[in-house]
Amino acid sequence: VYSRWIDPEDWAVIKPFIFKKAPGLLRNLIANRFQHKVKKYLYIQGLGRRTPAEIYHISKQDLASLSILLANKPFWGGDRPCSLDASVYGLLG
């Protein structure tokens, strides 16, 4: 969420894509309002109180943990996908 909505480099790429159908004159206003809401949500949740370096460090640790838990299995449930596979894919996708 942070990289998509807050990180200036990624936001510059995502913003035009997400808000391309918004009316031209309102596009930036709508986008900035959404970004403000996401910043507020992240602050309330706690992650938004950290520095960008801390956020990316935590993210890397989370991905490493998922990798260890998945090990050599093709899916979380073993040989076939399960709801956890769909959840993790949705979050990482």
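These legends accompany close-up views of a predicted model.

**View A. The largest nonpolar core and the helices that feed it.**
Here we look in on a set of 10 residues: Y2, W5, I6, W11, F19, A22, A31, V38, L42 and I55. Two helices, α1 (2–5) and α3 (27–45), each provide at least two members of this core. The biggest contribution is that of α3, which gives 3 residues. As general background, nonpolar side chains in soluble globular proteins tend to be buried together.

**View B. L42 and its partners from elsewhere in the chain.**
Staying with the core, this view picks out L42, one of the 10 residues that build it. Once neighbours within four places in sequence are set aside, L42 is in contact with V1, Y2, I6, L47 and G48. Two of these partners, Y2 and I6, are themselves listed in the largest nonpolar core.

**View C. A22, a core residue in a loop.**
Next comes A22, which sits in the loop between α2 (8–18) and α3. A22 counts as buried because its relative accessibility is 14%, and buried means under 20%. Apart from neighbours within four places in sequence, A22 touches R27 and I30, with which it is in contact. For a sense of scale, look across to P74: the two residues are 52 residues apart along the chain, and their C-alpha atoms are separated by 40 Å.

**View D. The largest pocket and its lining.**
This pocket holds about 800 Å³ of space. Its lining is made of 20 residues, and V1, S59, D62, L91 and L92 are the closest to the pocket centre. V1 is worth finding again here, since View B shows V1 in contact with L42. Four helices, α1, α3, α4 (52–70) and α5 (83–92), each supply at least two lining residues. Of these, α4 brings the largest share, with 7 residues. Sorted by class, the lining has 14 nonpolar, 4 polar and 2 charged residues.

**View E. Helix α4 from end to end, with Q61 marked.**
Helix α4 is 19 residues long, and 27 Å lie between its first C-alpha and its last. That span is close to the 27 Å expected at 1.5 Å a residue. Along the helix we mark Q61, which lies in α4. Q61 is partly exposed, with a relative accessible area of 42%. From Q61 to V13, 48 residues apart along the chain, the C-alpha atoms are separated by 25 Å.

**View F. A71, just after helix α4.**
Following α4 along the chain brings us to A71, whose phi is positive. The angle is about 55°, although A71 is not a glycine. A71 has its place in the loop between α4 and α5. Is A71 buried or exposed? A71 is exposed, because its relative accessible area is 52% and the cut-off for exposed is over 50%.

**View G. N32 on helix α3.**
Our last stop returns to α3, where N32 is found. N32 counts as partly exposed, at 38% relative accessibility. While you are here, compare the position of C82: N32 and C82 are 50 residues apart in sequence and 37 Å apart in space, C-alpha to C-alpha. The helix that carries N32 is also the one that gives the most residues to the core of View A.

Methods: Residues are numbered from 1 along each chain as its sequence is written. This is a predicted model: local features need pLDDT of at least 70, side-chain atom pairs count only at pLDDT 80 or more; totals for chains, interfaces and linings use all residues. Side-chain values use heavy atoms; hydrogens and water are left out. A nonpolar core is a set of buried Ala, Val, Leu, Ile, Met, Phe, Trp, Tyr and Cys residues joined through side-chain atoms within 4.5 Å. Buried means under 20% relative accessible area, exposed over 50%, partly exposed in between (1.4 Å probe, protein chains only). Contact means heavy atoms within 4.5 Å. On a 1 Å grid over the protein atoms alone, a cavity is a set of points where a 1.4 Å probe fits but cannot get out, and a pocket is an open set with protein on both sides within 12 Å along at least five of seven lines; lining residues have an atom within 4 Å of a point. Grid points are joined across faces, edges and corners, and a volume is the space filled by probe spheres set on the points. Ala, Val, Leu, Ile, Met, Phe, Trp, Tyr, Cys and Pro count as nonpolar, Asp, Glu, Lys and Arg as charged, and the others, Gly among them, as polar. The expected span of a helix is 1.5 Å times one less than its number of residues.
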